[in-house]
Amino acid sequence: MTQDHLNFIFIGISFAIYIGIAVKSRAASTKEYYTAGGGVSSFANGMATAADWMSAATFISMAGTVAISGYDASRFLMGWTGGFVLLTILMVPYLRKFGKATVPDFIGDRYYSKLARGVAVVCAIFICMTYIMGQMRGVGVVFSQLFGIGVPAGVLIGASIVFFYAGLGGMKGITYTQVAQYCVMAFAYTIPAIFIAIAMTGHVIPQLGLIGDFTASSEPVVPFLQKLNNINTELGFAEYTSGKLSTMNMFCITAALMCGTAGLPHVIVRFFTVKNVAAVRKSACWTLLFIAVIYLTAPAIGAFARVNLVEKLHNTPYSEVPGWFQEFELTGQMAWVDKNGDGKIQYFGPAKSELGSASVFQGAKPSYPGYDAPENQRIGRHGERLLANKADDSNPNELWFGNDIMVMANPHMAGLPMWVIALLMAGCIAAALSTAAGLLLVLSTSISHDLMKKIIKPDLTDEEEVNYARFASFAALIVAAYFGINPPSAFIAKTVAFAFGLAASSFFPTLLIGIFSKRMNREGAIAGMLSGISFTIGYIVYFQFLGGHADQYFLGITPEGIGFVGMLINFGVSFLVSAFTPAPPQEVQDMVENIHIPSGAGDASEH
Amino acid sequence: MENNHPRAHRRACLRIVIALLSIWFFVSFGCAILFRDWLDANAPQVGSAPFGFWMAQQGAIICFVLLLIVYAFLMNRLDAKHGYTEAK
């Protein structure tokens, strides 16, 4: 049996399970469509939320980012889990008590304004859309690798599966498929890590291996992290446990990621599916626990993969490299340029060159000569795949690889059995599908509920509303698939990375003040949202696209972390403006009072 | 329902939120970012990992999970005290 057969079997079985669940639990009413009928158990909702929250990017790239940047990557680890604490303690219990099905609903009612609702709908659609494009692309890439089809066909297959159970099943269908998807993801992530931990450190638990000793070599035993630091400094990288980012930047980026997480609409709506406020709290515990299983494993996988990569490839003659290296060369995820002509792969960091760069070739991504090019332009002296890019001779580094391959290549590098790799493939697809489905639901409800029913056509019946939602999810999916096939230049790709900053500077403060202050009024909230988000967008656009130079950074903060400053501006402007404008009407003040009383939450979808 | 005082409940609830968020800030921004260099040099190592580094990659996340468990426990107890507990 070959690897391909195993991949087909694992993915086929997992798909059969998802679709079976979706058909069994498809939604019949708006209530079931938006909130799964409000009766999902805390445990199941915890798993589903964890699957929703962890996207293909988290699953595939996070360990790779940790492997490459060591301590610096902690900003993602802490940012995304710490944000969840904010979300649980400050947001969801109150929003659940408020009892409407969507986030724009809360903003619209709390700030008694259609304009505020409209702004919130636009923000929600923008955030979800940028996200879902990345997911569709991820599904497409995995499928194309698996079945040897083009990325467009892969995206279309993924899109039709998501539509099948998200569009038809609604929240109820999604919730139970996400439970199954979480199980697949958790096994796919931890099993390879356990195997590798045993091989490298002799510990069964990867987290203990990370802080244990490196036992895989015949040399005297050294602590694993010290081994890693030695490798890094020897090759000219920053020490693994020290990192390069300034404290100020670490602080701001982590804060922006945390607050952005607490403002993400597709995570908040998940908590509208449970029965009452007490169940929300319990469900949040389960969710973070399930997320932590994967987030605590990622640093271990990253560190193991880095040691493995260097041990297996650095100073190895190309003729002796393992077979997987050629496979990754073929898919364009690894590349080798023999700069010194010795036939061996050398891997070096920026400290080995005077210019402080470690780029293998000129340009950001490898490009290859066409298949009709003469053979001596495609295949090098040692049998390697040649690039069309010119070599960058200012430094000695010869090995290029994308961040994404760390997780995918890890089982290959450790020589694990084929079924582990097949399981990993199934896990990747589960991660992408579950997040895409959750996002799709928020998109479709934002359009059908907040836009059609609340703003354009208030007399919609229940049944019409669900039909609109299904239609909207179909339309949204087509747009997402289109952008998945044709990624819209570097602009969107960069914007996705900043979506958290935008959420932190717009949604987070507005929701927070709306919950905890009775005095905050419509004028303050709208002025705050607009000033926060426009400052953040302006800063990002100036430095990313208009050629602003790093010397001009405000207090040395990179655009990645500026959402935190935008958030402070939002808070400041909101309070300032509301102090000079009339207080909100009495019924709104009563409502704020009421959401702090935890009992009597009722059904989330009562309108 | 005789202990039903929204104001007292709200104040007690805010106390819990502020206490937990202080811990939250201390373990993540404090230990793992602001005081990391000092902790790396002076605090005992966790296994073979420097303390600040370990907090940033593992410890903070473990603390977050514990915080949420404590939060659920304290809030449910507070709700019960004020008569807000709902029948299952």
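This is a short chat about the contact between two chains and the salt bridges in a predicted model.

Reader: What are the ground rules on pLDDT and numbering?
Author: The model is predicted: local features need pLDDT of at least 70, side-chain atom pairs count only at pLDDT 80 or more, and totals for chains, interfaces and linings use all residues. Residues are numbered from 1 along each chain as its sequence is written, chains are lettered from A and ligands numbered from 1 in the order written, and side-chain values use heavy atoms, without hydrogens and water.

Reader: How many residues does the contact take from each chain?
Author: Chain B gives 43 and chain A gives 52. Contact means heavy atoms within 4.5 Å.

Reader: Which classes are on the side of chain B that touches chain A?
Author: That side has 30 nonpolar, 7 polar and 6 charged residues. Nonpolar covers Ala, Val, Leu, Ile, Met, Phe, Trp, Tyr, Cys and Pro; charged covers Asp, Glu, Lys and Arg; the others, Gly among them, are polar.

Reader: How many salt bridges cross the interface of chain B and chain A?
Author: The rule finds 2. A salt bridge needs a side-chain nitrogen of Lys or Arg within 4 Å of a carboxyl oxygen of Asp or Glu. One of them pairs B:D79 with A:R281, closest N and O atoms 2.9 Å apart.

Reader: New topic. How far apart, N to O, are A:D105 and A:R117?
Author: Their side chains meet in a salt bridge at 2.7 Å.

Reader: Is A:R117 buried or exposed?
Author: A:R117 is buried, at 7% relative accessible area. Buried means under 20%, exposed over 50%, partly exposed in between (1.4 Å probe, protein chains only). A:R117 also forms a salt bridge with A:D109, at 3.0 Å.
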